Amino acid sequence: MHTGTHSTAHLPQEAGGCCGHHHAHGEHDHGAPFGGASPAAFTWRVEGMDCASCVATIDKALSRLPGVSGVSVSLARETVSLDLGNGTSTGEIEALLGRLGYRAARVAPLATPGGEGSVEPRRAASPSWWATGKGRIAIAAGLLLVVAYGVSLADARLADAAFIVASLVAAAPIARAALRKAVAGAPMTIDMLMTVAVIGALVIGAVEEAAIVVFLFSVGEVLEGVAAEKARSGIRALAALVPQTALRETGGRLEGVPAEALAIGDVVVVRPGDRVPADGVVIEGRSSLDEAPITGESVPVAKGPGDKVFAGAINAEAALRVTVEAGAADNLIARIVRLVEEAQDAKAPTARFIDDFARRYMPLIVALAAAVAVAPPLVAGGDWMTWIYRGLTLLLIGCPCALVISVPAAMASSLSSAARNGLLVKGGAVIERLAGIETVAFDKTGTLTVGRPVVTDIVPLGSRDAAGLLALAAAVESHSSHPLAAAVAARAGRDGVQPPAASDVRALPGKGMEGTVGGTPVFIGAPPFAAERAPLDDALRASITRLEGEGKTVVVIVVGGEAAGLFALRDEPRADAADAVAELGALGVGSLMLSGDNPRTAAAIAGALGVEARGGMLPADKAAAIGELAARRRIAMVGDGINDAPALARAHVGIAMGGGTDVALEAADAALLHDRVRDVPVLLRLSRATMINVRQNIAVALGLKALFLVTTVVGATGLWMAILADTGATVLVTLNALRLLAFFRRA
């Protein structure tokens, strides 16, 4: 519910002068109609929106204006966007919003020097509830009620007059809001119901109850505004993580500049303790960065030359020089904020059903209240005052505010909570689909596995030891960038093995590498090609067969014409993959692995994790498999967001593990910012908790309505109980929805 009254607290400085409008960059005068052959896009920041009825009222009012098209009202972002052509000026738009009870300030995009889009000016903190228009109305209504009771105790003859004055003064802002909305084309609002109920109560002499009703309604409005602000606070806090200033390197010296002024290619210095001002790549220095504010990952991440860093991460140890790769409007945090806000505006199927139901429900309740008020006196000779009182009570009981906010409140809390912990979900519809998932299909490489091979086994032959064999292999492989060669070199580095110098090193495409170490020829490659250079005995061949049966790639090292040993390599499962699969099983969700790797390797990895496997699959094969499975069960696909794009699209829900890449944020229905398989069951649990929350909210809203509708008709419920029930239901569903903000503290 919403009175439409607006806050008179100061707008952020960016909002402009005392008129409360934004005059930016020499734009046309607000009073002049916008000229031009084609409409232009405009956006306003609107204060005072905190429920679905606000959105509907503004949309309907603006859409009626000449020259206005493409109206988009965002409750999550508190913005109104539209295309404005001839016939209406920006000043008229702002004036209409003002008449509806909202304060509008133009949002003027600030272009970044790199031409990378625009950023919205930072917003000041929202005022405390007592500094808002709603807060002042509630305080005034409470004081007037106390004064009225004081007068009634001092002189009972003045009691009625005192309560009438208290009711009229406190209800005046509500009545003005109701009239403004009615003129704008929205007569069926809670403000109008309240106005009718208060006037009716005064007419039939229920003056004390009229004053109580106005006070309780005002308190409910304040609580609703506080709850809406709380739901938005998580995303606002995320947006505030990016520092306002940066140290830019220009001509060999450092200068402090606004972070929004950074352009692609600029070099910035991030000192220990500073936040990274922009997404970029480290070009000098090594340090650990705390990325918890962005991804929810509590362990600091080591960064060095060539590593990506994200705006808002905290540099923990040493100074870094970073090349900027994205403007302020396109950094990871900005994209997350946009994505989550858009997701909150996207209605879930349940929310669309509830909205449609509410539109039909309101006229029905008004008609029922009128029938209760007049039918018994006319048909059965009932007392007019009694039945008019019951009709007015029924009018207040019937307000669908709690029902209308039951779904969006839960969805907004869920999406905000997920985003703060590195899980991005594109809207309530995705939440609903996730809650019903029966099977999760995983890509193998880079999803269930780390995505790069590691040396798992070293088998020396004869008198050689593992360290010596590794040193010889690394001497040759360190000259190659092939993933298998890199794995051997990396293992030597981890084990502290210093490889000797190698000469005449060359790659043999498709076969392996060869070179000379200490005057002795060394070859390392696949067993068939090693067999061309040295005999492989039965024991060695048995070891090769056993290791390949475990899904490992085997290479043989030949030194001086004889087999010296072998290395087994495999792209190992992520550390949390087995636990994630087990958690899915505990949720009653099946797991399946789809891999382009050979079936034997895929089966070996799947066996270690306890999942079914299908190997040797091209991207088209994965998409076909997902399509076939989706016809029989509700399935989610988890992949890297690039090669698996067709399969992600065919699944009921596509989940990308992309570490913040463009594909991860845009290609799938959901994205996991840190490559952690366990986030998949966490996401499913959050979705299920959200839908349970939604059902609880709907049950509370409808249950209280049904209960009080019955008690009203039989005369057991009065006006003040009616509004208390309505306000109470709204507060209950909102508080219940806000419990989802603490989901990850319990997870």
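Reader: Let's start with Arg614 and Glu612: how far apart, N to O, are their side chains in the salt bridge?

Author: Bear in mind that this is a predicted model, and the distances here are computed from it. Side chains of opposite charge can pair when their charged atoms come close. The cut-off for a salt bridge is 4 Å from nitrogen to carboxyl oxygen. Arg614 and Glu612 meet that rule, with an N to O distance of 3.9 Å.

Reader: And what is the relative accessibility of Glu612?

Author: Its partner Arg614 is partly exposed, with a relative accessible area of 27%. Partly exposed covers the range between 20% and 50%. Glu612 is also in that class, as its relative accessibility is 47%.

Reader: How many salt bridges does the count come to?

Author: Each one needs a Lys or Arg side-chain nitrogen within 4 Å of an Asp or Glu carboxyl oxygen. The pair Arg614 and Glu612 is one case, and Arg248 with Glu255 is another, at 3.3 Å from N to O. Counted by this rule, the total is 19.

Reader: Take Glu255 then: what is its relative accessible area?

Author: Glu255 is the acidic partner of Arg248 in a salt bridge. Buried would call for under 20% and exposed for over 50%. Glu255 falls in between and is partly exposed because its relative accessible area is 24%.

Reader: Which residue does Lys552 meet in a salt bridge?

Author: Lys552 itself is buried, with a relative accessible area of 12%. Its partner is partly exposed, at 29% relative accessibility. Their side chains come to 3.0 Å, N to O, and the partner is Glu550.

Reader: Which residues are linked with Glu550 and Lys552 in a network of salt bridges?

Author: The bridge between Lys552 and Glu550 is part of the picture. The network takes in two further residues, an Asp and an Arg. Those two are Asp457 and Arg546.

Reader: Glu94 is buried, so what is its nearest side chain of opposite charge, given the cut-off?

Author: Glu94 sits in helix H2, residues 90-99. A salt bridge would need a distance within 4 Å. The nearest side chain of opposite charge is 5.4 Å away, so by that cut-off Glu94 has no salt bridge. That side chain belongs to Arg106.

Reader: With which side chain does Glu94 make a polar contact?

Author: The cut-off for a polar contact is 3.5 Å between N or O atoms. The side chain of Glu94 has such a contact at 2.6 Å. At the other end is the side chain of Trp44.

Reader: On to cavities: which element gives the largest share of the lining of the largest cavity?

Author: The structure has one cavity of 30 Å³ or more, and the volume is about 30 Å³. Its lining is made up of Ile397, Leu704, Lys705, Ala722, Ala725, Asp726 and Ala729. Two elements give two or more residues each, helix H23 (679-713) and helix H24 (719-738). The largest share, four residues, comes from H24.

Reader: How many residues of that lining of the largest cavity are charged?

Author: Lys705 and Asp726 are among the lining residues, and both Lys and Asp count as charged. The lining has five nonpolar residues and no polar ones, and the charged number two.

Reader: What about Asp504: which strand is it found in?

Author: Asp504 has a positive phi of about 55 degrees, although it is not a glycine. Asp504 counts as exposed because its relative accessible area is 62%. It belongs to residues 502-508, which form strand S19.

Reader: How far apart in space are Ala210 and Val198, C-alpha to C-alpha?

Author: Ala210 is in helix H6, residues 207-239. Ala210 is buried, at a relative accessible area of 1%. In sequence, Val198 is twelve residues from Ala210, while the C-alpha to C-alpha distance is 5.4 Å.

Key. Residues numbered from 1 in each chain as written. Predicted model: local features only at pLDDT ≥ 70, side-chain atom pairs only at ≥ 80, totals over all residues. Heavy atoms only, no water. Buried < 20%, exposed > 50% of the residue type's maximum accessible area, 1.4 Å probe, protein only. Lys, Arg positive; Asp, Glu negative; His and termini not counted. Polar contact = N/O pair within 3.5 Å; in protein donor to acceptor, adjacent residues only side chain to side chain. 1 Å grid on protein atoms, 1.4 Å probe; cavity = no way out; pocket = protein on both sides within 12 Å on 5 of 7 lines; lining within 4 Å. Points joined across faces, edges and corners; volume = space filled by probe spheres on them.
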